[in-house]
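Biologist: Could you walk me through this model and tell me how its labels are earned?

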Amino acid sequence: MNEKVGVFICHCGRNIASTVDVKKIVQEIVKHPNVVHSEDYKYMCSEIGQKMVKDAIKSKKLTSVVVAACSPSLHEQTFRKACESTGLNQFKCEMANIREQCSWVHDNLEKATDKASRIIRSTVDKVRDNAPLNPIMVSVKKKCLVIGAGIAGIQAALDVANAGIPVTLIEKSPTIGGRMAQLSETFPTLDCAQCILTPKMAEAAHHPNIQLLTLSEVVSINGYVGNFHAKIRVKPSYVDQKACNLCGDCVEVCPVFTLNEFDEDLSARRAIYIPFPQAVPSSYTIDDSTCLGLNPLVCAKCIEVCEARAITVDISEKTIEDDFGAIIVATGYEAYPKENIGEYGYGFLEDVVDSLQFERILSSTGPTGGEIIRPSDNKPVKKIAFIQCAGSRDKNYLNYCSKVCCMYTAKHAILFKHRVPQGEAYIFYIDVRTPGKGYEEFYQRAQTEHNVIYIKSKPNKVYINRKGNPVVAAVDLLTNRKIELEADMVVLATGMAPSIGKGLASELKIPLDENGFVQEVHPKLRPVECATEGIFVCGAIHGPKDISESVAQASATASKAISILSKDMISHEPIIAEVTEELCVGCGLCITACPYGAIKIEENKAKITEVLCTGCGACVSTCPSGAMKVKNFADKTFYEMISEATEVIPQ
Amino acid sequence: MNVQFEPKIVAFLCKWCASAGADLAGVSRLKYPPTLVPMQVLCSSRIDPQFIMDAFEKGADGVLIGGCHTPNDCHYITGNFKAYKRHLMLQKMLEEAGIESRRLRLEWISATEGRKLAQVATEFVEEIQKLGPLKR
């Protein structure tokens with residue numbers, strides 16, 4: 001087809017015109033092949049400027065438009081919409097960036113004009129090769145998958161479900177609630193964590209739009225936004241949730257004792273157990289890794305004693321499959337293991353506990369019933385030392401700040417003083433960081449009302465002295481004096497480490513950052529979206545954050561998910577790869593190049609799943625037979641553009 | 001050394017990082033030599049080795065590739081690694097073709113690194129000026 005290209009050059013006031021000779025380019029560009037029209041105007045993006053473009057499209061019957069002005073990130077949409085309004089396909093309009101990448105960075109009029117001319121000519125070459133494209137429309141499966149049922153996952157699931165959209169909420173442990181269920185009280189209000197969490201857990205469990213799957217993990221995820229296909233492995237709990245009446249007889253007779261992970265190994269549980277009384281679903285679970293044997297059945301004491309006949313052992317795990325339009329990732333965090341920190345005893349010192357263990361000690365439902373006694377000899381604690389940044393902000397362990405430790409340590413110290421008013425609490429800190437509503441006041445209260453002593457220091461060692469007490473060895477950085485503080489117990493403010501398997505991340509095709517947290521698309525403007533469209537992230541798996549931030553972020557992901565799930569069809573960018581079948585030899589190199597799994601070989605030819613392709617072009621430059629092409633980014637176009645950039649102009 | 005020598009440099013910049021960085025250099029009014037002509041690609045992994053050879057054949061004295069920082073900045077997950085591998089291969093190819101491998105430069109420039117883009121552009125132009133015009 002005989003292309004008729006119109007070139008519209010913007011002065012941008014004097015922003016472009018002061019360093020680029022716009023008039024000269026307007027005169028010369030019409031000599032370029034296919035250019036039939038050129039114009040300039042002071043502000044092309046204004047209503048008048050846009051009208052000039054529209055009028056010229058109609059009067060000169062233009063088939064392509066180049067607007068030479070600012071960066072396409074600013075006004076590409078403006079001009080594409082203007083073109084569409086005249087009936088010209090939006091992809092037949094391209095912008096030549098002669099402001100940010102030319103006039104603003106150069107002084108020399110002659111040279112800047114030459115460069116601007118090259119940029120414009122190469123854009124003309126591109127736009128005349130562009131094909132008119134229409135967005136690819138795909139149907140949406142109106143169902144949301146939420147992975148992880150801590151406070152973030154629960155909140156996200158409730159928000160989506162309340163919008164009338166079905167949700168499948170999956171959790172790998174026997175109960176939902178996550179880390180928050182383990183906490184005693186929460187800063188800065190000192191609300192009891194379970195009191196504010198358990199109503200939400202119950203709401204999620206009974207919500208008509210939420211399907212709750214505990215003991216479940218994602219096996220695989222395929223598909224694309226609007227149409228993800230998930231395989232989920234559901235392990236049996238061996239106890240019928242409906243039949244179980246929570247009498248607890250089974251626990252009494254179970255002969256197996258093992259460490260209780262809900263109490264962070266500070267207490268024991270049986271092989272048949274309920275993590276905590278308010279667990280949801282409200283039922284017992286047999287831990288088949290510690291039970292004496294289910295297949296063949298070895299002990300069967302629990303089955304014999306169960307009057308409700310709720311226990312069945314001859315069931316195995318099942319895999320369920322379902323389709324989802326959007327996925328929310330909320331897998332949370334793990335406390336950084338104190339076993340990794342050599343200077344604080346590698347986890348071998350019994351009376352050096354980590355933050356989650358201390359939460360359990362503080363909790364009225366914890367191993368000590370809320371009494372502050374130390375693990376080694378059950379002696380009441382009178383003097384306690386807290387070490388902040390245990391693992392965090394340390395290049396040997398976690399490079400980053402875990403954000404919540406300053407606040408929860410202040411909370412720990414205040415709660416300790418509530419229980420032991422005559423006790424002494426010392427906090428070793430590097431810096432105290434309290435950004436948050438009411439946070440600074442809370443920290444001040446620890447010092448003024450509760451006489452918590454803050455010592456600026458990073459302790460170099462914790463050891464046990466002859467009396468059997470832990471001693472913190474440090475240097476007070478404000479007085480430059482050596483300190484050896486003997487305490488009854490030491491609490492390490494261990495940081496937050498991400499809790500997502502490499503396997504899950506690669507199934508979801510979402511990148512992780514250098515610390516293993518999920519990487520968002522843009523830290524400021526797209527903070528809950530993942531690189532794969534239709535997948536969103538909230539809570540501590542995105543980075544260290546506290547409960548209020550996790551809840552806010554969860555609601556943000558829900559609103560993002562709803563914006564997809566409330567539509568019947570969604571559009572997909574049409575700039576994608578295509579295969580020239582005559583050239584394809586079916587070698588499959590493109591499959592290894594594609595980061596999205598969008599290519600498969602069918603009948604010895606590459607085939608592209610259009611909605612998975614993002615148009616990056618990795619397959620094109622890999623294909624040895626030249627069969628791959630990204631629409632509107634053909635090799636031929638690039639060769640023409642390179643010619644414009646390198647051409648020697650006769651003087 | 002011929003001080004008048006104005007090298008021709010083609011800069012392939014990825015849309016998400018390096019080109020956005022070049023936009024930032026503009027917004028910050030950071031100056032660099034005008035002899036470098038930018039060309040936007042969606043991803044640095046789209047840059048076919050043939051493009052580089054073609055640019056040198058057509059008269060470029062230097063080629064700059066700007067992509068997203070490794071390991072995690074790439075908008076297309078792993079495109080930057082592919083560009084990196086190709087760069088290693090291209091350097092060998094160029095030397096075999098009698099072209100100094102320094103004439104091809106790969107840089108990771110994020111959308112926030114306008115200053116780095118201007119600095120890399122300036123240094124690269126100076127380096128190519130020192131090398132002189134590519135003899136064909």
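**How the labels are earned**

Modeller: Gladly! Of the 651 residues of chain A, 48% count as buried. Keep in mind that this is a predicted model.

Biologist: What makes a residue of chain A count as buried?

Modeller: A residue needs 20 or more other C-beta atoms within 10 Å of its own. In chain A, 48% of the residues reach that mark, so they count as buried.

Biologist: Which strands make up the open sheet, and in what order?

Modeller: The order is E10-E7-E6-E18-E29 in chain A, and the pairing is parallel.

Biologist: Why do E10 and E29 of chain A stand at the edges?

Modeller: Each has a single partner strand, so one side of each is left without a neighbour in the sheet. From one strand to the next, the twist averages 20°.

Biologist: How do you know that E6 and E18 of chain A pair?

Modeller: Pairing requires at least two bridges between two strands. Four bridges join E6 (residues 144-147) to E18 (residues 326-329) of chain A, so they pair. Along E6, A:Cys144 stands opposite A:Ala326 in E18(A).

Biologist: Which helix packs on that sheet?

Modeller: Helix H6 (residues 151-162) of chain A does, touching E6, E7, E10 and E18 of chain A. Its direction makes about 170° with that of E7(A).

Biologist: And where does chain A touch chain B?

Modeller: Helices H4, H5, H16 and H17 of chain A each supply at least two residues of that side. The largest share, eight residues, comes from H17(A). In total, 41 residues of chain A are in contact with 35 residues of chain B.

Key:
Residues numbered from 1 in each chain as written. Chains lettered and ligands numbered in written order. Predicted model: local features only at pLDDT ≥ 70, side-chain atom pairs only at ≥ 80, totals over all residues. Contact = placed C-beta atoms within 7 Å. Buried ≥ 20, exposed ≤ 12 C-beta atoms within 10 Å, placed from the backbone. Axes fitted to C-alpha atoms, helices over the stretch in contact; angles between N-to-C directions.
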